[in-house]
Amino acid sequence: MALISAFDVLGPNMIGPSSSHTAGASSIAYLAWKMAGGNIKKVKFILYGSFAETYKGHGTDKALLGGILGFKTDDTRIRDSFAIAEERGVEFTFEINETETDIHPNTVDIFIETEEGRALDIRGESVGGGKCRIVRIDGVPVDFTGEYSAAIVVQKDMPGVIKHIASAVSDRDINIAFMRLFREGKHERAYTIVETDGTLPEDLKDAILENQYVEDVMIVQI
Amino acid sequence: MDFKKAVEMLALCDSKNLTISQVMKQRECHVFETTEEEIIARMEHAWQIMKDSSKEPTTKAMKSMGGLIGGEAKKLTDHRLDQKSILGDVVNKAIAYSMAVLEVNTSMGLIVASPTAGSAGVLPGVMLALQEEYDIPDDRIIDGLFNASAIGYLAMQNATIAGAVGGCQAEIGVAAAMAASAATELMGGTPLQCTYAASTVLMNMLGLICDPVLGLVEYPCQNRNASGAANALIAAEMALAGITQMIPLDEMLECMYNVGKRLPVEFRETAKGGCATTPTACALCKSKQ
């Protein structure tokens, strides 16, 4: 069990009404916004389970859209996220999936297109108390929480890539909290997720990109 | 310095002659490698949010998104201002403020989960009522919040604060136990008396189910925040009067957890039992579809 702080008891500071249906939802979308790393042009949300059943009364849709606009869970603009998205010219749609039930009850899929032309498909779960997990990126099962600063590396599964990533991180005197590899198959596309203590320096992304098998690096700064 | 059980917390208080809030602050600094200034600043920020969310609806009704609540805090406040309160100012304010926070919460306003969003009114309601009625300065209230967080931490560590796991007794019950302990410390009680107050609340709210109408954190949740605040004050009053409790806090937490786990799933936040399936609530479900 993770250590429990006074601020896990009295917190999060959040826009209501529900830590799992509102705060957790905005956290997932906020992480997705950080991962996309650019201005969002178009976004589609697919809501499952309890999200699909009760999203209106819990403001889950406003929270998700707020997160994708870069609002944190305690940002009062979440209430007006629909109007703000329209002002900013962000296209958004919501869909409900009530047929897929073999899934965490508070699950959302987020399909993002950025102004810069990046497309990203993320699945997140709201796991209670405002906490969340990202469990899939572009169809590949992963697992990270966004509680630590993280580098998400998209790579080809080849020898030496992990060593290169670990060196790039340790050369910058960053302590790795967790490092995990998720892959589609041998020598296929893989994701390395490095969660670290403290913040990540700006030059880390370019350093990791130097390896020929690394396709992309997403930096999520906490 | 760390503790995992109430008995260890009390031993630390005893051996160093500290209050529960002091022990909790030291634990926070030690375990999370931070400074007292930093954690106090964070708690002051939380307290400001708590105060704001307790106040606004007492003068201006806020309608919830689900449409089930709105305006209760103002009614209670007007009732008190008309000199008609049968509870007196402390309890009237505590319940009005605790209901106010739920109005803010359900209209997508800013609150502090304490320990959950659905139970976020209890602690601020009790703290703000005591502050106003007994002229308690903010820095003492911050101590009260650290005391409360120690009780909430013990519940998270050894039991649960999730309605889906343990029913409403785990949410409002724990919130009220936290508020009772904090109120006891603020009004001059000893650490042991704080735990008596917390034990008393858990006992008095034992078995309370979680049965939200339409599955929304509105009704009966808001009523139960008021009930939790009043329960907290009752328990603190008993402890401060010198009434002791034979069942220690660690045992009451375990007892609450055991009861919670044995509650049928219909009574754990699924909206499939209790108030949520009364004929009136069911009719409302159908009309909303």
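**Close-up views of a predicted two-chain model**

**View 1. The four-stranded sheet of chain A.** In this predicted model, chain A has an open sheet of four strands in the order E9-E10-E8-E11, and its pairing is antiparallel. The edges belong to strand E9 (176–183) and strand E11 (214–220) of chain A; each has a single partner strand, so one side of each is left without a neighbour in the sheet. From one strand to the next, the twist averages 15°. Look inside the sheet for strand E8 (residues 149–156) and strand E10 (residues 189–196) of chain A, an antiparallel pair held over eight bridges. One pairing to pick out is that of Lys156(A), whose bridge partner in E10(A) is Arg189(A). A helix joins the picture too: helix H2 (residues 19–36) of chain A lies across E8 and E11 of chain A, and runs at about 135° to E11(A).

**View 2. The six-stranded sheet of chain A.** Here we turn to an open sheet of six strands, with mixed pairing and the order E3-E2-E4-E5-E6-E7 (chain A). Strand E3 (91–97) and strand E7 (140–144) of chain A are the edge strands, each pairing on one side only. The twist in this sheet averages 25° from one strand to the next. E2(A) and E3(A) form a parallel pair over seven bridges, and within E3(A) you will find Glu91(A) opposite Lys42(A). Helix H3 (residues 49–58) of chain A lies across E2, E3, E4 and E5 of chain A, at about 105° to E2(A).

**View 3. Strand E4 of chain A and its two partners.** How much of strand E4 (residues 107–114) of chain A is buried? Six of its eight residues are, so the strand is largely enclosed by the rest of the structure. With strand E2 (residues 40–48) of chain A, E4(A) runs antiparallel, and seven bridges join the two. Across this pairing, Phe111(A) of E4(A) has Lys44(A) opposite. E4(A) also pairs with strand E5 (residues 119–128) of chain A, again in the antiparallel sense and over seven bridges. Glu113(A) has Ala119(A) of E5(A) as its bridge partner. E4(A) and E5(A) make a hairpin with four residues between them, and in the turn Gly117(A) has a positive phi of about 90°.

**View 4. Thr114(A) and its surroundings.** This close-up stays with strand E4 of chain A, where Thr114(A) lies. Is Thr114(A) buried or exposed? Its relative accessible area is 5%, so Thr114(A) counts as buried. Leaving out residues up to four places away in sequence, Thr114(A) touches Ala36(A), Asn39(A), Ile40(A) and Lys41(A).

**View 5. Helices H4 and H5 of chain B.** Now to chain B, where helix H4 (residues 72–81) and helix H5 (residues 89–106) pack with their axes 8 Å apart and at an angle of about 160°. Because of that angle, H4(B) is roughly antiparallel to H5(B). Their crossing, H4(B) with H5(B), is left-handed. On the H4(B) side, the contact is made by Glu72(B), Ala73(B), Leu76(B), Thr77(B), His79(B) and Arg80(B). H5(B) brings Asp89(B), Asn92(B), Lys93(B), Ile95(B), Ala96(B), Met99(B), Ala100(B) and Glu103(B). Sorted by class, this contact of H4(B) with H5(B) has six nonpolar, three polar and five charged residues.

**View 6. Helices H3 and H5 of chain B.** H5(B) also packs with H3(B), at an angle of about 90° and with the axes 7 Å apart. H3(B) is therefore roughly perpendicular to H5(B). Which residues make the contact? From H3(B) come Ser53(B), Ser54(B), Lys55(B), Pro57(B) and Thr58(B), and from H5(B) come Tyr97(B), Ala100(B), Val101(B), Glu103(B) and Val104(B). By class, the contact of H3(B) with H5(B) has five nonpolar, three polar and two charged residues.

**View 7. Ile39(B) and its contacts.** Our last stop is Ile39(B), placed in helix H3 (residues 36–59) of chain B. Ile39(B) has 2% relative accessibility, so this residue counts as buried. Setting aside neighbours within four places in sequence, its contacts in chain B are Lys25(B), Glu28(B), Cys29(B), Thr34(B) and Phe146(B), and Ile39(B) is also in contact with Phe7(A). Lys25(B) and Ile39(B) are 14 residues apart in sequence, while in space they are 7.8 Å apart, C-alpha to C-alpha.

Key. Residues are numbered from 1 along each chain as its sequence is written. Chains are lettered from A and ligands numbered from 1 in the order in which they are written. This is a predicted model: local features need pLDDT of at least 70, side-chain atom pairs count only at pLDDT 80 or more; totals for chains, interfaces and linings use all residues. Side-chain values use heavy atoms; hydrogens and water are left out. Buried means under 20% relative accessible area, exposed over 50%, partly exposed in between (1.4 Å probe, protein chains only). Contact means heavy atoms within 4.5 Å. Axes are lines fitted to C-alpha atoms, for helices over the stretch in contact, and angles run from 0 to 180 degrees between N-to-C directions. Angles under 35 degrees count as roughly parallel, over 145 as roughly antiparallel, 65 to 115 as roughly perpendicular and the rest as oblique. A crossing is left-handed if the near helix is turned anticlockwise from the far one by less than a right angle, and right-handed if clockwise. Ala, Val, Leu, Ile, Met, Phe, Trp, Tyr, Cys and Pro count as nonpolar, Asp, Glu, Lys and Arg as charged, and the others, Gly among them, as polar. Two strands pair if DSSP finds at least two bridges between them.
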